[in-house]
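Visitor: I would like a close look at one part of this protein. Please take me through the largest pocket and what surrounds it.

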Amino acid sequence: MLIALNKPYGVLCQFTDHAGRPTLADCVTQKGVYAAGRLDQDSEGLLLLTDDGALAHRLTDPKHKQPKTYLVQVDGAVTDAAIAALRRGVVLKDGPTLPATAEHAAEPDWLWPRDPPVRLRQAIPTSWLRITLREGRNRQVRRMTAAVGFPTLRLIRERVGEHALDGLAPGATRILSR
């Protein structure tokens with residue numbers, strides 16, 4: 001079974017939490033599935049869940065280089081130089097990243113409000129980017145945008161390989177295959 005979930009902001013990417021925080025169990029009713037990959041608690045968007053270990057491996061193992069596309073709101077007006085740096089790859093503390101596909105994006109009309117809202121500062125603009133990676137390091141998109149001078153405010157995964165959010169509401173699931 002393969003399930004798409006639009007993971008809401010603030011939900012942990014696990015099924016239990018001893019501290020009582022929201023988890024995948026609050027969104028997913030199907031039994032026997034687990035997350036194929038992760039999204040941080042403060043990230044939103046497409047998370048795939050499966051009961052098939054081989055499929056989970058193909059979706060998450062870096063050697064398979066499944067593209068993952070993110071819509072990213074950053075602090076400040078992103079420059080062409082920053083976009084070019086993301087496209088070349090960025091050097092992080094754990095080494096250089098692979099080149100990413102990066103482009104300016106408009107705030108989408110389908111975007112749901114976030115609770116709590118992203119902080120807004122009147123004097124500092126925000127920008128939207130669309131970034132596609134073929135590797136998956138811990139908090140990689142956030143670290144990459146910070147490395148080029150534009151900290152991430154909001155991060156939404158739109159696509160993993162051939163699978164996309166496609167209008168799925170936050171907290172909702174869609175069965176992709178059985």
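Guide: The largest pocket holds about 460 Å³ of space. The model is predicted, and the volume is computed from it. The lining counts 28 residues. Nearest the pocket's centre lie Arg-38, Tyr-70, Gly-136, Arg-137 and Arg-157. Four elements each give two or more residues to this lining: α1 (53–60), β4 (68–75), α3 (140–147) and β9 (152–160). By class, eleven of the lining residues are charged, ten are nonpolar and seven are polar.

Take Gly-136 next, one of the residues nearest the centre. Gly-136 sits in the loop between β8 and α3. Is Gly-136 buried or exposed? Gly-136 has a relative accessible area of 61%. The cut-off for exposed is over 50%, so Gly-136 counts as exposed. Asp-42 is 94 residues away from Gly-136 along the chain. In space, their C-alpha atoms are 16 Å apart.

Now follow the chain into α3, one of the elements that line the pocket. Which residues of α3 are buried? They are Gln-140, Val-141, Arg-142, Met-144 and Thr-145. What do these buried residues pack against? Their partners are β4, α2 (80–88), β5 (91–92), β8 (126–133) and β9. Two of these names, β4 and β9, also appear among the elements of the pocket lining. After α3 comes Gly-149. Gly-149 has a positive phi, near 95°.

One partner of α3 deserves a second look: α2. Asp-80 belongs to this helix. Its relative accessibility is 59%. That value is over the 50% cut-off, so Asp-80 is exposed. Asp-80 and Gly-167 are 87 residues apart in sequence. Their C-alpha atoms are 30 Å apart.

Gly-167 leads to the second largest pocket, since Gly-167 is in its lining. This pocket has a volume of about 180 Å³. The rest of its lining is Thr-69, Trp-110, Trp-112, Glu-158, Arg-159, Ala-164, Leu-165, Asp-166 and Leu-168. Five of the lining residues are nonpolar, three are charged and two are polar.

To recap the main part: the largest pocket has Arg-38, Tyr-70, Gly-136, Arg-137 and Arg-157 nearest its centre. Gly-136 is exposed, while α3 has buried residues, including Val-141 and Met-144.

Note on methods: Residues numbered from 1 in each chain as written. Predicted model: local features only at pLDDT ≥ 70, side-chain atom pairs only at ≥ 80, totals over all residues. Heavy atoms only, no water. 1 Å grid on protein atoms, 1.4 Å probe; cavity = no way out; pocket = protein on both sides within 12 Å on 5 of 7 lines; lining within 4 Å. Points joined across faces, edges and corners; volume = space filled by probe spheres on them. Nonpolar A, V, L, I, M, F, W, Y, C, P; charged D, E, K, R; others polar. Buried < 20%, exposed > 50% of the residue type's maximum accessible area, 1.4 Å probe, protein only. Contact = heavy atoms within 4.5 Å.
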